[in-house]
Amino acid sequence: EKGEYRHFMEKEIHEQPDSVQHTLSEYLDLVTGKAKTGAIDFAAIDRIQIIACGTAFYAGQIGRYTFERIAGLPCDVEIASEFRYRSPALSKSTLAVAVSQSGETADTLASLTWCKREGLKTAAVVNVHSSSMAREADILCPTHAGPEIGVASTKAFTAQVAALLALAVAAGVQRGRVDADKEAELVKALFESPRLIAECAEHHADIEAVAHDLAKARDVLFLGRGAMFPLAMEGALKLKEISYIHAEGYAAGELKHGPIALIDEETPTVALAPLDDVFEKTCSNLQEVSARGGPVIMIAPETAPAPHGADIRRIHPPDCHPLIAPLVYAVPVQLLAYYTAVHKGTDVDQPRNLAKSVTVE
Ligand code: F6R
């Protein structure tokens, strides 16, 4: 039941501290500060191929950045409906990883089966532990989001991200890329995310005010760099799905290669800008947007310097370790879509034309 919440989506956004904590505990030990030695032998593989659809695909892309950065493990991510029909060339030392909330998405399941038949080792990051994918894969990597009722995925997404980040730490340790001190630092950082997610979810007044204006837009651009790029695409997808506003997620560095042509006074840009090693670069992209009269909504910590320009509004998530920024920043992105949809009066939990589980192609 929805309890004190207006919609399941709102309830599920607020459940994320618990679902992330529960999922992290599957893969990491808070007490020892170590990654649990799970069923995956990351030293025995030389590549990961993630296969997923929709929101799970964006979680996979965040996973990819992390597997490569902290474990030095090459990782590809592909949309299952493409992977399935293009005869991909894969070496036998590749681990295929399906990512899915339902574990029943037809294209993802067929891709997983195809990989298994090709003789690859397979794993499935799934939320429904009795699902077809959970049974099909050699290794089950559970997420613990609990049942997700809202059609637009929220807590299943952050649980997928949490599982993939934790697995990337395990991969880094197993492959000798992460020493004991670094492991302790990363595990500690991951376990800080539930508290920071809760903090974000509680401070929604600023987001509601921004959403009030966003509801008037016809098109919205989401920008990010690094792991914030897939989160920008996820933010655009959430806004499209539940508010029916057209939105696109772009890598901030791609702005001047085309999408900047869309910028005008009526087209807001939402930027995901944690204080990381590319913060300055994102800032200069925002100055370019602002100089062309585009309204900017910058999601950045209070401690981050403000870019120069008019009409730049800010949403302040708490400071956080760069590893967990995709988990923490997911919350303002989800709430922005949520409050925009509420303001427009759409059916948040049952958006038009969408089904919770896509078991047909
Ligand atoms: C978006 C959304 C969908 C699903 C996609 C895959 O909010 O929920 O894009 O992520 O249909 O579904 P699963 O994860 O069940 O394979």
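At 74% relative accessibility, Thr37 counts as exposed. In this predicted model, Thr37 belongs to the loop that runs between strand E2 (34-35) and strand E3 (47-52). Its partner in space comes from well along the sequence: Thr37 and Gln174 are 137 residues apart along the chain, yet 8.6 Å is what separates their C-alpha atoms.

Turning to the ligand, the model places it in the largest pocket. A shell of 13 residues surrounds the ligand, and Ser100, Gln101, Ser102, Thr105 and Glu241 are the ones that come nearest. Sorted by class, that shell holds seven polar, four nonpolar and two charged residues. As for where these residues come from, helix H3 (54-71) and helix H10 (228-243) are the elements that give two or more residues to the shell. Helix H3 supplies the largest share, with three residues.

Several polar atoms of the protein lie close enough to oxygen atoms of the ligand to be worth listing. The side chain of Ser100 puts a polar atom 2.6 Å from a ligand oxygen. For Ser102, an N or O atom of the side chain is 2.7 Å from an oxygen atom of the ligand. Thr55 takes part through its backbone instead, with an N or O atom 3.2 Å from a ligand oxygen. As for cover, the ligand has 410 Å² of accessible area on its own, and the protein covers 89% of that.

Ser102 deserves a paragraph to itself. This serine sits in the loop between strand E5 (94-100) and helix H5 (106-117). Ser102 has a relative accessible area of 11%, so it counts as buried, the cut-off being under 20%. Besides the ligand oxygen at 2.7 Å, the side chain of Ser102 has protein partners. One of its polar atoms lies 3.1 Å from the backbone nitrogen of Glu104. The side chain of Ser102 is also joined to that of Thr105 by a polar contact of 3.5 Å. Thr105 is itself among the residues that come nearest to the ligand.

Back on helix H10, one of the elements that give two or more residues to the ligand shell, there is a glycine to look at. Gly235 is part of this helix, and with a relative accessible area of 0% Gly235 is buried. Along the chain, Gly235 and Glu10 are 225 residues apart, while their C-alpha atoms are separated by 15 Å.

Next come two backbone oddities. Most residues other than glycine have a negative phi. Tyr244 is not a glycine, but its phi is positive, at about 65 degrees. This tyrosine lies in the loop that links H10 and strand E9 (246-251), and its relative accessibility of 28% makes Tyr244 partly exposed. Asn353 is not a glycine either, and its phi is also positive, at about 70 degrees. Asn353 is located in the segment after helix H12 (325-344). With 77% relative accessibility, Asn353 counts as exposed.

Two further loop residues round off the picture. Leu255 is in the loop between E9 and strand E10 (269-272), and at 0% relative accessibility Leu255 counts as buried. In sequence, Leu255 and Glu288 are 33 residues apart; in space, the distance from C-alpha to C-alpha is 9.2 Å. Ala306, by contrast, is exposed, with a relative accessible area of 52%. The loop that holds Ala306 runs between strand E11 (296-299) and strand E12 (312-315). Ala306 and Leu286 lie 20 residues apart in sequence, and their C-alpha atoms are 10.0 Å apart in space.

Methods. Residues are numbered from 1 along each chain as its sequence is written. This is a predicted model: local features need pLDDT of at least 70, side-chain atom pairs count only at pLDDT 80 or more; totals for chains, interfaces and linings use all residues. Side-chain values use heavy atoms; hydrogens and water are left out. A residue is near a molecule or strand if one of its heavy atoms lies within 4 Å of it. A polar contact is a pair of N or O atoms within 3.5 Å; within protein, one must be able to donate a hydrogen and the other to accept it, and residues adjacent in sequence count only if both atoms are side-chain atoms. Accessible areas come from the Shrake-Rupley method with a 1.4 Å probe; for residues, only the protein chains shown count as cover. On a 1 Å grid over the protein atoms alone, a cavity is a set of points where a 1.4 Å probe fits but cannot get out, and a pocket is an open set with protein on both sides within 12 Å along at least five of seven lines; lining residues have an atom within 4 Å of a point. A molecule sits in a cavity or pocket if more than half of its atoms lie within 2 Å of its grid points. Helices (H or I, at least four residues) and strands (E, at least two) are DSSP runs, numbered from the N terminus. Ala, Val, Leu, Ile, Met, Phe, Trp, Tyr, Cys and Pro count as nonpolar, Asp, Glu, Lys and Arg as charged, and the others, Gly among them, as polar. Buried means under 20% relative accessible area, exposed over 50%, partly exposed in between (1.4 Å probe, protein chains only).
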